[in-house]
Amino acid sequence: MRILLVEDDLSLASGLQAALGREGFVVNHVACGREALAAIRAEAHDMVVLDLGLPDMDGLQVLSELRGRKDQTPVLLLTARGEAEDKVAGLDRGADDYLAKPFDMQELAARLRVFARRLSTAASSQVSIGPVVLDAAAHTVTVDGETLNLPRREYMLLKALMESAGKVLTRSVLENHLYSWGEEVASNALEVHVHHLRRKLPDDFIRTVRGIGYTIAAV
């Protein structure tokens, strides 16, 4: 799951990126409202974590503009404002949840996992291609009924490919699924993940399209 974190406190943002990354989320960070709106317009994210106290525009304004575009990406508000009116205003403008600062990191992660489960339920949570079954809600992969224990990035790679079966995904698209903006990525990192994943899957399940990327044939 890809999260856009909109937070001007760089120390807090860095801590959130690290903590949520350990929870299996890919977190991209911007520090102001206008950057957030541009990022959402340019690239799809599964969720937005939005601070209300931004330096260039109020977080509620960002939320209003987002919903004004008919963009229904789930939004969780972070707020240091304790007044009930602010929380009600956020929910009325289309926020899906809010969390008051200071907050417990585990509670934030738990609320985002609820979003992830809702998204998996809204879409088809289970993708089956041949003997391989990926259940996004349960976060499991089985081959002929046997469960695979996949590292986080191998799971994310397989999920991206299976959900786009029949399409060729380029290196850059796949790397965007696996890594946050600015994260250092070795030149052969994607190939290494594909290599390890192929050893656990049926022969020719993941196919290389030379010079472009990878694909899984739709069945």
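Which residues of α8 are buried? The views below start there.

This is a predicted model, in which local features need pLDDT of at least 70, side-chain atom pairs count only at pLDDT 80 or more, and totals for chains, interfaces and linings use all residues. Residues are numbered from 1 along each chain as its sequence is written, and side-chain values use heavy atoms, with hydrogens and water left out.

**View 1. The buried residues of helix α8.** Ala-189, Leu-190, His-193, Val-194 and Leu-197 are the buried residues of α8. Buried means under 20% relative accessible area, exposed means over 50%, and partly exposed lies in between (1.4 Å probe, protein chains only). Helices (H or I, at least four residues) and strands (E, at least two) are DSSP runs, numbered from the N terminus. The buried residues of α8 span an arc of only 135° around the axis, so they sit on the same side of α8. That arc is taken from the directions from the helix axis to the C-beta atoms. An α-helix has 3.6 residues a turn, so residues three or four places apart point the same way. The cover over the buried residues of α8 includes α6 (152-163), α7 (171-178) and β12.

**View 2. Helix α7 crosses helix α8.** The axes of α7 and α8 come within 10 Å and cross at roughly 80°. This makes α7 roughly perpendicular to α8. Axes are lines fitted to C-alpha atoms, for helices over the stretch in contact, and angles run from 0 to 180 degrees between N-to-C directions. Angles under 35 degrees count as roughly parallel, over 145 as roughly antiparallel, 65 to 115 as roughly perpendicular and the rest as oblique. From α7, Arg-171, Leu-174, Glu-175 and Leu-178 make the contact; from α8, Leu-190, Glu-191 and His-193 do. Contact means heavy atoms within 4.5 Å.

**View 3. An open sheet of 3 strands.** The strand order is β10-β12-β11, and the pairing is antiparallel. β10 (169-170) and β11 (207-209) stand at the edges with a single partner strand each, so one side of each has no neighbour in the sheet. Two strands pair if DSSP finds at least two bridges between them. β10 and β12 (residues 213-215) are joined in the antiparallel sense by 2 bridges. Thr-170 has Gly-213 of β12 as its bridge partner. Helix α8 (residues 189-198) packs on this sheet and touches β11 and β12; its direction makes about 25° with that of β12.

**View 4. The largest nonpolar core.** A nonpolar core is a set of buried Ala, Val, Leu, Ile, Met, Phe, Trp, Tyr and Cys residues joined through side-chain atoms within 4.5 Å. The largest one has 30 residues, and Leu-158, Met-162, Leu-201, Phe-205 and Ile-206 touch the most other members. Two or more residues come from each of β6 (126-129), β7 (132-135), β8 (140-143), α6, α7 and α8. Helix α6 gives the largest share, 7 residues. Beyond its neighbours within four places in sequence, Leu-158 is in contact with residues including Leu-134, Val-141, Leu-197 and Phe-205. Apart from this core lies another, of 19 residues, among them Val-30, Leu-52, Val-62 and Val-75.

**View 5. Ile-216, after the last strand of the sheet view.** Ile-216 is found in the segment after β12. Ile-216 counts as buried, at 0% relative accessibility. The C-alpha atoms of Ile-216 and Gly-166 are separated by 5.9 Å, though their places lie 50 residues apart along the chain. Put exactly, Ile-216 and Gly-166 are 50 residues apart along the chain. Setting aside neighbours within four places in sequence, the contacts of Ile-216 include Ile-129, Leu-161, Met-162 and Ile-206.

**View 6. Strand β5 and the cis bond after it.** Side chains alternate along β5 (residues 97-100): Asp-97 and Leu-99 point to one face and are buried, while Tyr-98 and Ala-100 point to the other and are not. Strand β4 (residues 75-79) runs parallel to β5, and 4 bridges join them. Thr-79 stands opposite Ala-100 in β5. A cis peptide bond joins Lys-101 and Pro-102, with omega about -10°. Pro-102 is in the loop between β5 and α5 (105-122).

**View 7. Two residues with positive phi.** Most residues other than glycine have a negative phi, and most peptide bonds are trans. Lys-70 is not a glycine, yet its phi is positive, about 65°. Lys-70 lies in the loop between α3 (59-68) and β4, and is exposed at 70% relative accessibility. Asp-144, also not a glycine, has a positive phi of about 55°. Asp-144 lies in the loop between β8 and β9 (146-148), and is exposed with a relative accessible area of 62%.
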